[in-house]
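User: I would like a close look at one part of this chain, the stretch that carries a domain annotation, together with how the rest of the chain relates to that part. Please go through the backbone details with care.

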Amino acid sequence: MAAQLIDGKAIAEQIRQEMKAEVAELKEKFGGKAPGLAVVLVGQRKDSQTYVRNKKKACEEVGIVSFGTDLDESATEAEVLQAVAGYNADPSVHGILVQLPLPPHIDEQRVLDAISIEKDVDGFHPLNIGRLAMRGRDPLFVPCTPKGCLELLKRSGVALSGKKAAVVGRSNIVGMPAALLLQREDCTVTVIHSRTANAQRICAEADIVIAACGKAEMVGGDWIKEGAVVIDVGINAVDDATAKRGYRLVGDVNFAEASEKASQITPVPGGVGPMTIAMLLRNCVDGAARTFAAEA
Ligand SMILES: Nc1nc2c(c(=O)[nH]1)N[C@@H](CN(C=O)c1ccc(C(=O)N[C@@H](CCC(=O)O)C(=O)O)cc1)CN2
Ligand SMILES: [Mg+2]
């Protein structure tokens, strides 16, 4: 039987509407103060420019004030660090995001480590990741894409406790934090990576699969257990002369095959992607609410 679609675009829209009301309440409660998000973009990558534009548009929609620094591809690491330091010190900014990837001459780790953990709305700072990994500790922010995956599961009524989960991929941004989040929900988690022996057989035992390996359609139908829930994080462009843009987007999962086996599945596009931005807004509003309450 074909799987039920998890509509990330619709769920993200619903979350934005919920947040619009929350931001209005915050303003009412705290004398007109609004949450502020600062985005630092380095270089002219078309995809990054689109994501940053979409983030600013989403901020506007919910009432978050956005700030931006656009630096040339040739910007030095010192210039990027200076932009971050300025936003760290700016009381009207509650969230700082440096769009990734950065040009290769800039040390990504050094830049991410420079963001104040109270404003780390991407959740990439080692202190936030470290707290996520520890029992009894809570990060101030959780990385947006894995947070979006968990939100999709919860809003789709998927019970997590005691379930077997497989995360395909172990990146710092998605795979690793997704595995930690599932573990915090009492799933038994296996992380599958490029050196995993019998990856397909292990994945096919999971009740929940999060695919984030960055390889177009690598997770085939035979990787999916009958009735499993599949969350596809991948966004891969494949040439297609018949498509409007000359390419089409596919995930890390072979959607046609997997949807014959899964009970629920996310599409690409329109699955996890829109949730990344919705969770960024969520983090920014939560950060601002914490600051406003502390200042009151
Ligand atoms: N600082 C960060 N950099 C990057 C992150 C991040 O979370 N923080 N994630 C990605 C890019 N990204 C947000 O920044 C992002 C990627 C994709 C989407 C999205 O909505 N995708 C659409 C399809 C878009 C298209 O048509 O091209 C979808 O899946 O439906 C949103 C945000 C790397 N960098
Ligand atoms: Mg998607």
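Analyst: According to UniProt, in an unreviewed entry, the annotation "domain: Tetrahydrofolate dehydrogenase/cyclohydrolase catalytic" covers residues 6-122. In this predicted model, the chain over residues 6-122 is 50% helix and 15% strand, and the C-alpha atoms at the two ends of that stretch are 24 Å apart. A backbone detail to inspect here is the peptide bond between Leu100 and Pro101, which is cis, with omega at about 5 degrees; Pro101 itself sits in the loop that runs between strand S4 (95-98) and helix H4 (108-113).

The domain assignment divides the chain into domain 1 (31-117) and domain 2 (144-273), and the centres of domain 1 and domain 2, taken over C-alpha atoms, are separated by 28 Å. The largest nonpolar core contains 85 residues, of which Val167, Val168, Val209, Val230 and Leu281 touch the most other members. Helix H10 (residues 272-295) contributes the most to this core, with 10 residues, and the core also draws at least three residues from each of domain 1 (31-117) and domain 2 (144-273).

Val167 can be followed further: leaving aside its neighbours within four places in sequence, Val167 is in contact with Gly175, Ala178, Ala179, Val189, Val191, Ile192, Ile210 and Ala212. As for strand S5 (residues 164-168), four of its five residues are buried, so S5 is largely enclosed by the rest of the structure. Strand S5 is joined to S6 by five bridges, and the two strands run parallel; within that pairing, the bridge partner of Lys164 in S6 is Thr188.

Two residues other than glycine deserve a check of their backbone angles. Asn198, in the loop between strand S6 (188-192) and helix H8 (199-203), has a positive phi near 60 degrees, and Asn198 counts as exposed because it has 9 C-beta neighbours inside 10 Å. Glu217, which is found in the loop between strand S7 (208-211) and strand S8 (229-232), likewise has a positive phi, of about 55 degrees, but Glu217 counts as buried because it has 20 C-beta neighbours inside 10 Å, a count that meets the cut-off of 20 or more for a buried residue.

A cis peptide bond also joins Val268 and Pro269, with omega at about -5 degrees, and Pro269 is placed in the loop between strand S11 (264-265) and H10, the helix that gives the most residues to the core described above.

For the chain as a whole, the secondary structure comes to 10 helices and 11 strands. The radius of gyration is 19 Å, close to the 19 Å that the globule rule gives for 296 residues, so the chain is as compact as a globular protein of that length. Taken along the principal axes, the C-alpha atoms fill a box of roughly 55 × 40 × 35 Å, and buried residues make up 43% of the 296 residues. Among contacts between residues at least 6 apart in sequence, 67% join residues at least 24 apart.

Terms used. Residues numbered from 1 in each chain as written. Chains lettered and ligands numbered in written order. Predicted model: local features only at pLDDT ≥ 70, side-chain atom pairs only at ≥ 80, totals over all residues. Core = buried A, V, L, I, M, F, W, Y, C linked by C-beta atoms within 7 Å. Buried ≥ 20, exposed ≤ 12 C-beta atoms within 10 Å, placed from the backbone. Domains from an automatic or database assignment. Contact = placed C-beta atoms within 7 Å. Rg over C-alpha atoms; globule rule 2.2 N^0.38 Å. UniProt positions renumbered as here; feature names shortened; annotations may be inferred. Pairing = 2+ DSSP bridges.
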